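Work through the exercises below with the sequence and the coordinates side by side, and attempt each task before reading its solution.

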Amino acid sequence: MQVPFVSFKPMEQELDTDLRATFDRVYSRSWYIGGCEDEAFEKAFASFCGSKYCVGVGNGLDALMLALKALGIGEGDEVLVPANTYIATALAVSYVGAKPVLVDADINTFNIDVTKVESAVSSKTRAIMPVHLYGQPCDMDPIMEIAKKHSLFVVEDCAQAHGAKYKGRRVGTFGIAAGFSFYPGKNLGALGDAGATITSDEMLAKKIRALGNYGSDYKYHHIYMGNNSRLDEMQAAFLSVKLPHLDRMNETRRAIAKKYLEGIDSTKVILPVVPDYAEPVWHIFGVRCEDRDGLEKHLSSKGIGTNKHYPIPIHLQDCYKSLKYKEGDFPVAETIAKTELSLPMYYGMTDEEINYVIDAVNEF
């Protein structure tokens with residue numbers, strides 16, 4: 001049997017008629033930027049998240065970067081980010097001229113270790129950027145307490161956590177703003193690059209929108225040195241087709257994860273931990289194994305696709321040599337990087353495929 005790491009086919013087949021009709025509708029209108037499709041999706045997604053405003057942008061990195069820029073964070077400032085995350089989190093900080101200051105991970109959840117956040121705060125710290133990695137919510141209460149104590153902004157990276165909940169509340173609504181990616185592989189994915197920033201601060205939303213439109217509040221009038229990052233009409237329309245199905249499709253991911261958690265029984269494999277406060281959406285189902293490469297090779301021989309998130313931690317990437325971190329500075333993040341392996345997880349997996357993966361892992 002062949003089980004891919006990810007497949008869009010079940011979702012595409014289910015939504016095929018609606019997606020094709022949507023393309024025809026937008027194409028026939030001949031309006032591709034800043035129109036009714038974008039406006040409709042922004043309102044729907046803000047409502048879904050429990051936020052007042054949503055600003056569509058070009059991608060998830062821009063969603064974070066524009067939020068930081070709109071908050072006035074820049075040269076000479078520091079932003080705390082997890083040492084274990086995709087590099088886009090740190091790049092968003094770098095792109096506004098600020099310095100990403102890394103905080104090690106929690107070995108159980110792979111998220112930022114909240115017990116190590118406050119010690120990383122300095123006189124230059126302006127914000128904390130927690131990442132709800134793999135769709136697993138961070139422990140937000142202590143993060144918000146630290147932010148309040150030190151008068152820091154909190155900008156949530158929700159690129160992998162569409163619909164996830166912390167203590168019953170959607171992630172992305174705890175900080176001043178949050179960034180989402182709609183890359184095709186996300187739980188809510190466009191058919192190309194796309195992203196959004198959400199906030200309940202009206203003035204901040206207006207500034208983010210202007211910054212993503214060349215710094216313009218109206219045509220040919222530029223109040224900021226902005227960027228070109230906008231959600232186009234076609235992608236907004238496709239996202240509007242998918243959004244009403246997101247909670248249901250996330251539930252199928254939870255069902256798959258439940259079967260993995262209950263069925264995988266190997267002394268060599270460490271399963272992810274779900275705290276009581278978390279309702280994950282399982283963008284990624286990551287296990288740990290000391291012989292990660294051996295497990296990867298074994299599953300590949302069985303026709304099972306896997307991935308590694310992420311094999312080189314940020315502080316050991318060539319592009320961040322200037323931060324002067326070294327091997328050993330973030331031991332938990334390094335351990336995760338050496339041992340994490342992501343198992344197949346996607347909407348439409350059959351019980352036969354799930355059980356095949358479970359049996360193959362247990363054979364190792």
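## Salt bridges

The model holds 23 salt bridges, where a salt bridge is a side-chain nitrogen of Lys or Arg within 4 Å of a carboxyl oxygen of Asp or Glu. The model is a predicted one, in which local features need pLDDT of at least 70 and side-chain atom pairs count only at pLDDT 80 or more, whereas totals for chains, interfaces and linings use all residues. Residues are numbered from 1 along each chain as its sequence is written, and side-chain values use heavy atoms, with hydrogens and water left out.

**Exercise 1.** Locate the salt bridge between Arg20 and Asp16, and state how exposed Arg20 is and how exposed Asp16 is.

*Solution.* Begin with the distance: the closest N and O atoms of Arg20 and Asp16 are 2.9 Å apart. Next, place the two residues, which both lie in helix H1 (residues 9-29), four residues apart, about one turn of the helix; helices (H or I, at least four residues) and strands (E, at least two) are DSSP runs, numbered from the N terminus. Finally, consider accessibility, for which buried means under 20% relative accessible area, exposed over 50%, and partly exposed in between (1.4 Å probe, protein chains only). Arg20 has 55% relative accessibility and therefore counts as exposed, while Asp16, at 30%, counts as partly exposed.

**Exercise 2.** Which parts of the chain does the pair Lys259 and Asp351 link?

*Solution.* The closest N and O atoms of the salt bridge between Lys259 and Asp351 are 2.3 Å apart. This pair links distant parts of the chain, with Lys259 in helix H8 (residues 246-263) and Asp351 in helix H11 (residues 351-363), 92 residues apart. Lys259 is partly exposed because its relative accessible area is 32%, and Asp351 is partly exposed because its value is 45%.

**Exercise 3.** Describe the salt bridge of Lys326 and Asp329, and then name the members of the network that contains Arg29.

*Solution.* The side chains of Lys326 and Asp329 meet at 3.2 Å, N to O. Lys326, at 54% relative accessibility, counts as exposed, and Asp329, at 28%, counts as partly exposed. The network of salt bridges links Arg25, Arg29 and Glu37.

## The seven-stranded sheet

**Exercise 4.** What is the strand order of the open sheet of seven strands, and which strands are at its edges?

*Solution.* The order is E1-E9-E8-E5-E4-E2-E3, with mixed pairing, where two strands pair if DSSP finds at least two bridges between them. Strand E1 (53-57) and strand E3 (99-103) are the edge strands, each pairing on one side only. From one strand to the next, the twist averages 25°; axes are lines fitted to C-alpha atoms, for helices over the stretch in contact, and angles run from 0 to 180 degrees between N-to-C directions. At the E3 edge, strand E2 (residues 78-82) and E3 pair in the parallel sense over five bridges, with Leu80 opposite Val101.

**Exercise 5.** Build up the surroundings of E9, starting with its partner strands and ending with the helices that touch it.

*Solution.* E9 pairs with E1 in the antiparallel sense over five bridges, and Val57 stands opposite Gly195 in E9. Four bridges join E9 to E8, also antiparallel, and here Ala178 stands opposite Ile198. Five of the five residues of E9 are buried: Gly195, Thr197 and Thr199 point one way, and Ala196 and Ile198 the other way. Helix H2 (residues 36-49) lies across E1, strand E8 (177-181) and strand E9 (195-199), running at about 130° to E1. Helix H3 (residues 60-70) touches E1, E5, E8 and E9, and its direction makes about 165° with that of E8; contact means heavy atoms within 4.5 Å.

## The three-stranded sheet and His162

**Exercise 6.** Why is one side of E7 and of E12 left without a neighbour in the sheet?

*Solution.* The open sheet of three strands has the order E7-E6-E12, with antiparallel pairing. Strand E7 (169-170) and strand E12 (278-279) stand at the edges and each has a single partner strand, so one side of each lacks a neighbour in the sheet. Two bridges join strand E6 (residues 165-166) to E12, and Tyr166 has Ala278 as its bridge partner in E12.

**Exercise 7.** Is His162 buried or exposed?

*Solution.* His162 lies in the loop between strand E5 (153-157) and E6, and at 0% relative accessibility His162 counts as buried. Among the residues that His162 touches are Phe180, Phe182, Leu246 and Val281. A polar atom of its side chain lies 2.6 Å from the backbone oxygen of Ser181.

Definitions and conventions. Polar contact = N/O pair within 3.5 Å; in protein donor to acceptor, adjacent residues only side chain to side chain. Lists of a residue's contacts leave out its neighbours within four places in sequence.
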